[in-house]
Amino acid sequence: MTVLNLEPDMNDAALASDPTKAVPVFIPDGVFAEKVTEVQHYTDRLFRFRITRPQSFRFRSGEFVMIGLPNSQKPVMRAYSVASPSWDEELEFFSIKVPGGPLTEHLQKIQVGDTIIMRPKPTGTLVNDALLPGKRLFCFSTGTGFAPFASLIRDPETYEKFEHVIVTHTCRQRDELKYSHDTVENTLNDPLVGEVAQGHLHYFPSTTREETQHMGRITTLIETGELYEAMKIAPLNAETDRIMVCGSMAFMKDIRTIVDKLGFHEGSNADPGTYVVERAFVG
Ligand code: A2P
């Protein structure tokens, strides 16, 4: 175990009764220790945060890493999709807050300047390499499952591979959509990606428990055809479309059934296919 020495601004409540006093931060071996640079809370269930990026850390947009909090011999580490694109100087994450959750109960209290630990190896299937070439990329997400797509839609390479990128995000309530709404808007106005994304990035938000413009589970909206009608697009077609899915277990199971029936087949890094899925982190 490494002891990273004496940080005057460390504010871990468990160790720092007087935050002006220097407090040692215990960092297990083999992980990066990074600083929180920004925290934004959307609701009592969802928040986003940014951390410094280790210079040597490389990842492909859409991949996830294991992150946790320091000060434990055996820290609780959880898989988090990197929500920022691979060119970003910092790393961004979109997290749920689970009451009593082993990690998120504490993680939701982080503040700017706090330390986050991160294992060095990114991985994941929601990457362009796991899909065969196609014309349209559909990214279906629920809740924090939007995170990997926040990365992919900000990566210019995504628009080199696909003519149209259609991202859907379904949450219970309106406020839970703010992260995806803001990310899409910022992407379209971004000096680096805005130009390639405009006219090619299409966003479809929906809610299930509060009235908004589009109501309903995305699975239902696909099956009834309401998604296509609302977006004025052609229905899913396994010949030319590719699909990425990220969200809860129940959602993934249901959407798999739908796309399997439509003739899509699942791909992986080793054997690219016409759709890929990844479970959003919970807990
Ligand atoms: P619903 O409100 O009908 O359960 P959660 O916050 O629980 O992770 O859910 C996020 C969104 O995913 C909610 O809008 C929820 O709808 C939706 N959802 C949950 N289960 C499924 C499923 N099996 N198929 C499609 N959408 C689902």
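Strand β9 (residues 136-142) and β12 run parallel and are joined by six bridges, where helices (H or I, at least four residues) and strands (E, at least two) are DSSP runs numbered from the N terminus, and two strands are taken to pair if DSSP finds at least two bridges between them. The structure is a predicted model, in which local features need pLDDT of at least 70 and side-chain atom pairs count only at pLDDT 80 or more, whereas totals for chains, interfaces and linings use all residues. Residues are numbered from 1 along each chain as its sequence is written.

Within the pairing of β9 with β12, Cys139 has Met244 as its bridge partner. β12 also pairs with strand β13 (residues 275-279), in the parallel sense and over five bridges, and here Cys246 is partnered by Glu278 of β13. The connection from β12 to β13 passes through α8, and this β-α-β crossover is right-handed, that is, with the strands pointing away from the viewer, the path from the first strand over the helix to the second runs clockwise.

Strand β12 (residues 241-247) is largely enclosed by the rest of the structure, because seven of its seven residues are buried; a residue counts as buried if 20 or more other C-beta atoms, placed from the backbone, lie within 10 Å of its own. Cover is found on both faces of β12, with Asp241, Ile243, Val245 and Gly247 buried on one side and Arg242, Met244 and Cys246 buried on the other.

The helix of this crossover, α8 (249-261), contributes at least two residues to the shell around the ligand, as does β10 (164-171), and the largest share of that shell, three residues, comes from α8. Of the 13 residues around the ligand, those that come nearest are Thr142, Gly143, Thr208, Arg217 and Ala250, a residue being near if its C-beta atom, placed from the backbone, lies within 6 Å of the molecule. By class, the shell comprises three nonpolar, six polar and four charged residues, with Ala, Val, Leu, Ile, Met, Phe, Trp, Tyr, Cys and Pro counted as nonpolar, Asp, Glu, Lys and Arg as charged, and the others, Gly among them, as polar.

At the level of the whole chain, an automatic or database domain assignment gives the bounds of domain 1 (2-118) and domain 2 (128-279). The centres of domain 1 and domain 2, taken over C-alpha atoms, are separated by 27 Å. Their contact takes 17 residues from domain 1 and 14 residues from domain 2, contact being defined by C-beta atoms, placed from the backbone, that lie within 7 Å.

Key:
Buried ≥ 20, exposed ≤ 12 C-beta atoms within 10 Å, placed from the backbone. Contact = placed C-beta atoms within 7 Å.
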